[in-house]
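I opened my notebook beside this structure and went through it entry by entry. Here is what I looked up, in the order I looked.

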Amino acid sequence: MAITLTEAAAERVKNFLEQRGKGVGLRLGVRTSGCSGMAYVLEFADEIEDTDVVFEDHGVKVIVDPKSLLYIDGTELDFGKEGLNEGFKFNNPNVKDECGCGESFTI
Amino acid sequence: MALLTISEPGQSTAPHQHRLAAGIDLGTTNSLVASVRNGVAETLPDADGRHRLPSVVHYRADGSVDVGEAAREQAADDPLNTIVSVKRFMGRGVDDVKRLGTELPYEFVGGESGMPLIRTVAGDKSPVQVSADILAALRQRAEQTLGGELTGVVITVPAYFDDAQRQATKDAGKLAGLNVMRLLNEPTAAAVAYGLDQQDSDGVIVVYDLGGGTFDVSVLRLNQGVFEVLATAGDTALGGDDMDRLIAEWLMREAGIQGSPDHGLQRRLLQTACRAKEALTEAEETSIELTLEDGRDWRGTLTRARLDEIIEPLVKKTLAPCRRALRDAGIDRGDIGEVVMVGGSTRVPRVRAAVGEFFGREPLVDIDPDKVVAVGAAIQADILAGNKPDDEMLLLDVIPLSLGIETMGGLTEKIIPRNTTIPVTRGQEFTTFKDGQTAMALHVVQGERELVEDCRSLARFELRDIPPMAAGAARILVSFQVDADGLVSVTAREETSGVQAHIEVKPSYGLTDQEVENMLRDSMEHAKDDMEARRLREQQVEADRVLEAIQAALAADGDEFLDADERAAIDAAVEALRAARGGTDHRAIKQAIENLESVATAYVDRRMNANIRKAMTGHAVDEFK
């Protein structure tokens, strides 16, 4: 399995990284919190830890710690618009249930 | 599925936690806090529905503090412990404040760091502490309204504020427990609030800001959605307070009050004046009631026409900075797209009319002139807090006075000229003056004049451990960095060895706007003297350099290459140059230098040939190919 990005998401990430002027890639992860158990982490990565798992898709490095990978392996990161708002979406096959807003989930 | 945005490392928010951000207009007379909620920026009212928080703090002996209306109510009864218009003292030195102090009821005492302290029953309070009490009240209001802790705030400052005043404002924010993400110039905030950045066409915008205590006029250019502040001018000692004072003086004359009234009556006079002025925004005349020192009530009437006459000198006084800002920006009145009115005093009908006449167009007055700055700050805070997917708006500001360093002869070398947009980094290379020089003193100055003694000294520091080299061989890069808040840091680095020294400029006291103005005016008035002075100093420095070089050469090999006559001729030319160097005629010095150089030509040639011969001796010709 792996983590993948849609082309739209990859373009955006590359663009953001360029504007930011530094960073080696994108860190995806989960942490426990939120109304439905788990919450996604989506951050710029400035360094890669020894234990990290690194994927590369559409020229973007995606960095995941091994613990988080258990919960999000197979995820496709997408970028989309909803009205005036735009942002990233996790299409995570592991998710059994998520809260109404989708910011947190359980597996 | 919710849409997520990428956070900085470690900054991911917990679900449902929108970052709460607020914009704060910390005003001389009133302050406001605004926030973007559901995509709309609006000022936040208190429980009683009041948006404006009077910038008044009242200290009690038991240490409790009132802020706002509650404090203002104490002003008449307890003037010594009720601090108003504290913004005027922000970042000012004791001497500056004492000069203002004669008109103020407070007792100022000098603090240890040169910061003025106001004596109250609750102890000595610095302007930063008083401002922090105002900010803390706004913070509490915002957190109660928004239902959470504020991630960060944007505080607005007059475009005129210098480093010390900006630093003092930031310190006040920190003291109030706020994360100050950015200081934003008030005119820029006003233009943002009007959505002038949403316009299709680019244009020039003038912001006329007549508040309670300060007047600012700014010329902004909107260029592809980016605001650039082309020029600012103003007067920090001009505003609605001054109108009140003029009206109060008129009241004293009308009511036959002799001598100087006590503090309580002073307060009542100013409050009555202010109420009359506000009433005349709508009405053509208003009646006045005033309780005198002996308890008698005095009654009178003030008409709009009379008010216009009373305040006319102040209105006129605002137009000179308008002219200056346009000139600095290189803008004709015909090029102006919009004029934005900011500050409660722009409600005064005479002010609106005068501004309309001056700029030849109707000023924008649709947004409440008291709220417009806070609204713009809230929009900017929302972006800075990371609640927008993109930083869609980049704001540029300018520095009010040139920054530079002192060079040989007490001359100013400007490194960043005034009205340069910030943030900015600029560097210039300098070198050593003497052989074997291992240290260099750097003197950071601010101002427009040519001579250092006429500019303001900001900081001094030394670059040490420069490796010994011939004069002129060292390459010392002095770079100035001015951040988005206008705070300056300077680094000097010797490029060949990498040694460096760094200083952050945090002046202990600020420059009053009057001083900024005077410095600008002086630089124009003395332009010619300055040019002469610069030429003289330059020639003196050049003379010193030539003298130094020729003395070193003569000591080394003068006897070897010169016969007695030649030596006498050179010595005479050296003496002549020394004499000219002591005078004040730069042309005479230049002539003496040229004379010495021509007399010494043969000697210099001989030395050079000998040196080349020495260098080449023992080497094959091939080696020089």
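**Confidence**

I started with chain B, where the mean pLDDT is 82 and 86% of the residues reach 70 or more. I am reading a predicted model here, so I kept that in mind throughout. For the complex, the predictor gives an ipTM of 0.83 and a pTM of 0.55.

**Chain A, overall**

Next I looked up the make-up of chain A, and I found two helices and nine strands. I followed the sequence from its start and wrote down the pattern β-α-β-β-β-β-α-β-β-β-β. Chain A has 107 residues, and 45% of them count as buried.

**Chain A, around one loop**

I then went to the loop between β4 (53–57) and β5 (60–64) of chain A, where A:His58 sits. What is the sign of phi at A:His58? I noted a positive value, near 50°, and this residue is not a glycine. That earned a mark in my margin because most residues other than glycine have a negative phi. I also checked the accessibility of A:His58: it is partly exposed because its relative accessibility is 37%.

In the same session I looked at a salt bridge between A:Lys61 and A:Glu56, with 4.0 Å between the closest N and O atoms. Are its two partners buried or exposed? A:Glu56 counts as exposed, since its relative accessibility is 54% and the class begins over 50%. A:Lys61 has 34%, so I put it down as partly exposed.

**Chain B, a second positive phi**

I looked for a similar entry in chain B and stopped at B:Asp465, whose phi is positive and near 60°. I located B:Asp465 in the loop between β25 (456–463) and β26 (476–482) of chain B. With a relative accessible area of 62%, B:Asp465 is exposed.

**Salt bridges in chain B**

How many salt bridges are there over all chains? The count I wrote down is 34.

I picked out B:Arg88 and B:Asp242, whose side chains meet in a salt bridge at 3.6 Å, N to O. This pair links distant parts of the chain, 154 residues apart. B:Asp242 lies in helix α6 (residues 240–255), while B:Arg88 lies in the loop between β7 (82–84) and α2 (94–101), both of chain B. Are these two residues buried or exposed? I found both B:Asp242 and B:Arg88 buried.

I then turned to B:Arg50 and B:Asp46, which form a salt bridge with an N to O distance of 3.4 Å. B:Arg50 is partly exposed, at a relative accessible area of 34%. B:Asp46 has 21%, and because buried means under 20%, I filed this residue as partly exposed too.

I also noted a network of salt bridges that links B:Arg52, B:Arg347, B:Asp368 and B:Asp370.

**Two sheets in chain B**

I traced an open sheet of three strands in chain B, with the order β8-β9-β10 and antiparallel pairing. Which strands are at the edges? They are β8 (108–110) and β10 (123–125) of chain B, and each pairs on one side only. Neighbouring strands of this sheet are turned by 40° against each other on average, direction ignored. I looked closer at β9 (residues 116–120) of chain B, which three bridges join to the antiparallel β10(B). There I saw B:Arg119 opposite B:Asp124 in β10(B).

My other sheet in chain B is open as well, with four strands in the order β21-β20-β24-β25 and antiparallel pairing. Here β21 (411–416) and β25 of chain B are the edge strands, each pairing on one side only. The twist averages 30° from one strand to the next. Inside this sheet I followed β20 (residues 403–407) and β24 (residues 440–446) of chain B, which pair in the antiparallel sense over three bridges. B:Ile405 has B:Val444 in β24(B) as its bridge partner.

**A nonpolar patch**

Last, I went to the surface of chain B, where B:Val604, B:Met608, B:Ile612 and B:Met616 form a nonpolar patch. Together they have about 340 Å² of accessible area. I placed B:Ile612 in helix α15 (residues 601–616) of chain B. B:Ile612 counts as partly exposed, since its relative accessibility is 43%.

Technical notes: Residues are numbered from 1 along each chain as its sequence is written. Chains are lettered from A and ligands numbered from 1 in the order in which they are written. This is a predicted model: local features need pLDDT of at least 70, side-chain atom pairs count only at pLDDT 80 or more; totals for chains, interfaces and linings use all residues. Side-chain values use heavy atoms; hydrogens and water are left out. Patches are made of residues with over 30% relative accessible area and no salt bridge: like charges are joined within 9 Å, nonpolar side chains (Val, Leu, Ile, Met, Phe, Trp, Tyr) within 5 Å. Accessible areas come from the Shrake-Rupley method with a 1.4 Å probe; for residues, only the protein chains shown count as cover. Buried means under 20% relative accessible area, exposed over 50%, partly exposed in between (1.4 Å probe, protein chains only). Two strands pair if DSSP finds at least two bridges between them. Axes are lines fitted to C-alpha atoms, for helices over the stretch in contact, and angles run from 0 to 180 degrees between N-to-C directions. pLDDT is the predictor's confidence in each residue, from 0 to 100.
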